[in-house]
Structures are given as structure tokens and as C-alpha cells.
Amino acid sequence: MSLRPILETRRAIPAMEGAGVKLHRVFGFQDPTELDPFLMMDDFRNERPEDYIRGFPWHPHRGIETITYVLSGTVEHGDSLGNTGTLGGGDVQWMTAGSGILHQEMPKGNAQGQMHGFQLWGNLPSSQKMTAPRYQDVKGSDIPEVIDDDGTRVKVITGEFWGKRGPVDGIAADPQYLDIAMPAGVKKTFRIDTYRRAFAYVFDGAAAFADASQPSGVLLEKEVAGQEVNIRDLSGNRTLIRFGSGDEVTVQAGPDGVRFLLISGAPINEPVAWHGPIVMNTQQELMQAMRDLRNGSFIKPQH
Ligand code: MN
């Protein structure tokens, strides 16, 4: 057993996306290798409808997977294959864009006007960038939750954990996507296979994550009230923790408990050519995608 060192902790930063949605970018659009096979993550928790209601109107994706996890509120979606639907609290949509999809994602909020959720982008290896598009829509009630004696609760969205297997399957990056809640003071070690690249994202409360060089852990501070200008964060921290290599992560929940995502996957280790919502291996492939968009051949007929 070896503890994974903490390479970096950093706060998500305010960003604007879509038709004017205020969100927080956890990582992405900088160094695509740092969390390979993951390219980007946005935290779209928001308390003000005017800051998210314009949503993400029709746009293309190619070469990646987008993983939307809704905590609260709803997201209405539609796509070029003719699918339409609504994601609600606890639901996950795993979209394999593959060769190309046009879709829109419109957050609607809950009765209190809140919209909470995350979108993660996973890369596809060159062999699957032009695979047929696919959706896996998963109801929150179909996501297994394991509850330990100490009150720790783990929702297994994908991958295997404590004997439960998440409902999303067939994903190239072999991801393990866990939503973990730990009561105040509880300390726990989570195994993560050595071949995986791993990160945690604290979005409620605080915790100490043990570092190989500081095994007693670094307690993350709670968000300071009023520090955010436009978004009232009612749920604590927005902190990314990037882990180095090893096979376990030890966490001790702070005085208010903690909730965090623990996500890992197998690095793809291929060149990345990235333009907005399209991520390929080469500039030529990016240019081809632009040509396909212009001449109407971006969406391949489905067999
Ligand atoms: Mn999209």
C-alpha cells in the first residue's frame, strides 16, 4: 500500500459558458495531460436562475464523452439523434459524442431556483473518436449507494467499489466516479488502482487529505462567506485535489463532515488537438471536423 501524494490543491474558478451561464471551472482548457483521461470539469451549482437559464443551446461535440451529474434542479436536453429528456436530481447522463452529435442542455433549476450539478469531459482514444454516438441515461435510483458502519455513504456512478458496480459501462477511459459523503471526524482510506490518474473535488464541508509528505493531512478551509462575487455558494468548498501515483487516498472529514467526488481513470497518453467542444488527436482532424460542420456531414447517419 502506498499513499498517493497530493500534487496540487486549487479552487475552481468562476467562468462563463454556453449562452451566458455562470459556473465554476474545476479544471480544463490549460494542460490537457494533467488529468488525462479527463479533459475538463465544470461545477454548475448556481442559486440565481438569471445566471444559468440561458443554458447551453445547440452545439456540436466530437471525440469526447460528456458526463453530466445533476444534484438538484433539472436539465432538459435534446440532440440530433432525436432524443429528448429531462435529467433530475441524482441523475447522470453519460454521452459518448464519438463521431459527432449536436445537442442542447438547458438547466431549469428547482422550486427554490437552485441548479446544482457537474459536467466532466472524458477523452476518447484515437481508436474510438469516430465511434457511433451513444447516450447512457441513468436514474439516480439506479445508482448503487454503499453505506459503511461509520456513516460514510458512497454512490458508485461508474466503476467498481466495495463490491458494487456503477450502472454506466463500456467507457474507454475505464473511469471510477464516486460521490462520497463522510460524517464529521470520520477517517477513511480509499483504494485506487495504481494505473489510474485520480483527483478529488470537495464541494461541501471540509476534510483533511493525507499527503505522502505530510501523512497527518492538510485541512482544507471552508469557503469564506462573501468571497464569491456573483455566486452565493451555500454548500462549502470548491476545491480540486490532484493526486500523484500510489494506490490509496486517506481522508478525514472536518467538523461539518465532507462531500466530495473521487474520480479516476486510465490515462490515454495520446496527442490532444482541442477546439472548444471538439477534441481530436491532430490539427487535420480538427479541420476536418470544422469542414464537416460547414458542409452538413458532421452527423453521420446511424446504422
Ligand atoms: Mn454539450
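# Close-up views, legend by legend

**Figure 1. Asp 174 is partly exposed, at a relative accessible area of 32%.** For burial, the classes are buried under 20% relative accessible area, exposed over 50% and partly exposed in between, computed with a 1.4 Å probe on protein chains only. This is a predicted model, in which local features need pLDDT of at least 70 and side-chain atom pairs count only at pLDDT 80 or more, while totals for chains, interfaces and linings use all residues. Numbering starts from 1 along each chain as its sequence is written, and side-chain values rest on heavy atoms, with hydrogens and water left out. Asp 174 sits in the loop between strand S16 (164-165) and strand S17 (176-182). Helices and strands here are DSSP runs numbered from the N terminus, helices being H or I over at least four residues and strands being E over at least two. Look for the backbone of Asp 174: its phi is near 50 degrees, a positive value in a residue other than glycine.

**Figure 2. Another loop residue with a positive phi is Asn 269.** Its phi is near 55 degrees, and this residue too is not a glycine. The loop that holds Asn 269 runs between strand S22 (248-265) and strand S23 (273-275). Asn 269 has 63% relative accessibility and therefore counts as exposed.

**Figure 3. A cis peptide bond joins Asp 36 to Pro 37.** The omega angle of this bond is near 20 degrees. Pro 37 belongs to the loop between strand S3 (21-28) and strand S4 (38-43).

**Figure 4. Three histidines and one glutamate coordinate the manganese ion.** The donors are NE2 of His 59, NE2 of His 61, NE2 of His 103 and OE of Glu 105, at 2.2 to 2.5 Å. Donors are N, O and S atoms within 2.8 Å of the metal (3.2 Å for Na, K and Ca), and the site may look incomplete because water is not among the atoms. Along the chain, these donors follow the spacing H-x1-H-x41-H-x1-E. Distant parts of the chain are linked here, with His 61 in strand S5 (residues 56-61) and His 103 in strand S10 (residues 101-107), 42 residues apart. His 61 counts as buried because its relative accessibility is 2%, and His 103 is likewise buried, at 0%.

**Figure 5. Gly 78 touches one of the metal ligands, His 103.** The residue lies in strand S7 (residues 75-79) and, at 4% relative accessibility, is buried. Leaving aside neighbours within four places in sequence, Gly 78 is in contact with Trp 58, Asn 83, Thr 84, Leu 102, His 103 and Gln 104. Contact means heavy atoms within 4.5 Å. For a distance to check on screen, try Gly 78 and Met 106: these two are 28 residues apart along the chain, and their C-alpha atoms are separated by 8.9 Å.

**Figure 6. Ile 157 is buried within strand S14 (residues 153-158).** Its relative accessible area is 1%. Not counting residues up to four places away in sequence, Ile 157 touches Tyr 69, Val 92, Ile 143, Gly 166, Pro 167, Val 168 and Tyr 177. The C-alpha atoms of Ile 157 and Pro 175 are separated by 9.5 Å, with their positions 18 residues apart along the chain.

**Figure 7. Helix H1 (residues 283-295) includes Ala 289.** Ala 289 is buried, with a relative accessible area of 0%. Among residues beyond four places away in sequence, Ala 289 touches Arg 62, Ile 278 and Phe 298. Val 146 lies 143 residues from Ala 289 in sequence and 42 Å from it in space, C-alpha to C-alpha.

**Figure 8. Stepping back, the protein has 1 helix and 24 strands.** Along its principal axes, the C-alpha trace spans about 60 × 45 × 35 Å. Buried residues make up 55% of the 303 residues. Of the contacts with a separation of 6 or more, 75% come from residues 24 or more positions apart. The protein exposes about 12,800 Å², of which carbon and sulfur atoms supply 51%; this area comes from the Shrake-Rupley method with a 1.4 Å probe, and for residues only the protein chains shown count as cover.
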